[in-house]
Amino acid sequence: MATWNSRGLRGSTLEDLINRTNEQYLEKGLALIQKIPTPITPIQIDKEHRHITLAYFEQKSTVDYIGAVQGIPVCFDAKECTSDTFALQNVHQHQVDFMTQFEKQGGISFLVLFYTKRNELFYLPLSHLVKFWNRAAEGGRKSFRYEELDQDYYLSPHGGYLVPYLDGLQRDLGERE
């Protein structure tokens with residue numbers, strides 16, 4: 001049983017940025033993407049401040065976001081990285097399995113990576129993640145380096161979009177054709 005406490009806010013900055021971007025995409029009629037809440041069961045509650053101070057995860061979550069972009073089903077997870085090396089332990093087997101099955105049903109799956117020290121965002125297509133995942137499964141590195149990312153998937157904020165992942169999605173779709 002996994003527990004949750006002060007680590008619960010980890011990643012909230014990236015999620016806030018994505019949530020704002022999702023609102024803008026919705027307002028412009030570009031996409032309908034929703035945050036999937038992680039189901040938890042509270043164990044300790046600070047009644048005075050009305051906060052959950054300790055909880056456990058009820059079940060394995062799949063991905064952070066799911067929805068549709070111009071009729072294309074999409075799902076993705078948001079990950080923050082504090083160094084130039086992203087440990088694959090931050091992605092779980094059940095997430096890779098879900099994203100793989102999602103793509104088998106005609107959807108597009110990816111990660112949004114935020115390198116906090118560099119203040120840089122990347123779109124990581126599922127196919128790139130699977131390449132790193134398989135390398136680890138075959139006894140190779142259990143991580144990937146910043147330098148291994150395809151720089152064409154760098155997400156540069158523009159037009160008021162803080163996390164313009166539709167730019168990465170467009171490139172991803174173009175490479176699939």
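The paragraphs below go through this predicted model from the whole chain to its central sheet, its helices and its nonpolar cores.

The chain has 177 residues, of which 35% count as buried, and its secondary structure comes to four helices and eleven strands. Among the contacts with a separation of 6 or more, 64% are between residues 24 or more positions apart. The accessible surface comes to about 10,300 Å², and carbon and sulfur atoms hold 50% of that area.

A convenient place to begin is the open sheet, in which six strands follow the order S2-S5-S6-S8-S9-S11 with mixed pairing. Strands S2 and S11 (154-155) stand at its edges and have a single partner strand each, so one side of each is left without a neighbour in the sheet. Within this order, strand S8 (residues 108-115) has S6 (residues 72-81) as a parallel partner, the two being joined over eight bridges, and Val112 of S8 is the bridge partner of Ala78. With strand S9 (residues 120-125), S8 runs antiparallel and shares six bridges, with Leu111 standing opposite Leu124 of S9. These two strands, S8 and S9, form a hairpin with four residues between them, and Asn119 in that turn has a positive phi of about 55°. The order then continues from S9 to S11, an antiparallel pair joined by two bridges, where Leu121 has Leu155 of S11 as its bridge partner.

How many of the residues of S8 are buried? The count is eight of eight, so to speak a strand that is mostly covered, and the cover is found on both faces, with Ile108, Phe110, Val112 and Phe114 buried on one side and Ser109, Leu111, Leu113 and Tyr115 buried on the other.

Helix H2 (residues 93-104) has twelve residues, which at 1.5 Å a residue should span 16 Å, and the 17 Å between its end C-alpha atoms agrees with this. Its buried residues are Gln95, Val96, Met99 and Phe102; seen down the axis of H2, they fall within an arc of 125°, so they line one face of the helix. What covers these residues includes S5, S6, S8 and helix H3 (126-137). Just after H2, Gly106 takes a positive phi of about 100°.

Helix H4 (residues 165-176) also has twelve residues, and it reaches 17 Å from its first C-alpha to its last, close to the 16 Å expected. The residues buried in H4 are Tyr165, Leu166, Gly168, Leu169 and Asp172, and they cover an arc of only 150° around the axis, which puts them on the same side of the helix.

In soluble globular proteins, nonpolar side chains tend to be buried together. In this model the largest nonpolar core has 23 residues, and the members that touch the most others are Val112 and Tyr165. Two or more residues are given to this core by each of helix H1 (12-27), strand S2 (31-35), S5, S6, S8, S9 and H4, and the largest share, four residues, comes from S8. Beyond its neighbours up to four places away in sequence, Tyr165 touches Thr21, Asn22, Tyr25, Ile33, Phe76, Phe110, Val112, Tyr123 and Leu155. Apart from this core lies another, of 22 residues, among them Cys81, Tyr115, Ala136 and Phe144.

Ala136, one of the members of that other core, lies in helix H3. Is Ala136 buried or exposed? Its relative accessibility is 11%, and Ala136 therefore counts as buried, the cut-off being under 20%. Leaving aside neighbours within four places in sequence, Ala136 is in contact with Leu88, Arg141 and Lys142. Of these, Leu88 is 48 residues apart from Ala136 in sequence, while the C-alpha atoms of the two are 8.3 Å apart in space.

A last site is Asp64, in the loop between strand S4 (51-57) and strand S5 (65-69). Asp64 counts as buried because its relative accessibility is 11%. When neighbours within four places in sequence are left aside, the contacts of Asp64 are Glu15, Gln34, Lys35, Ile36, Phe76, Asp77 and Ala78. Two of these residues have come up before: Phe76 is also touched by Tyr165, and Ala78 is the bridge partner of Val112 in S8.

Key: Residues numbered from 1 in each chain as written. Predicted model: local features only at pLDDT ≥ 70, side-chain atom pairs only at ≥ 80, totals over all residues. Heavy atoms only, no water. Expected span 1.5 Å × (residues − 1). Buried < 20%, exposed > 50% of the residue type's maximum accessible area, 1.4 Å probe, protein only. Arc of directions from axis to C-beta. Pairing = 2+ DSSP bridges. Contact = heavy atoms within 4.5 Å. Core = buried A, V, L, I, M, F, W, Y, C linked by side-chain atoms within 4.5 Å. Areas by Shrake-Rupley, 256 points an atom, 1.4 Å probe, with all protein chains shown as cover.
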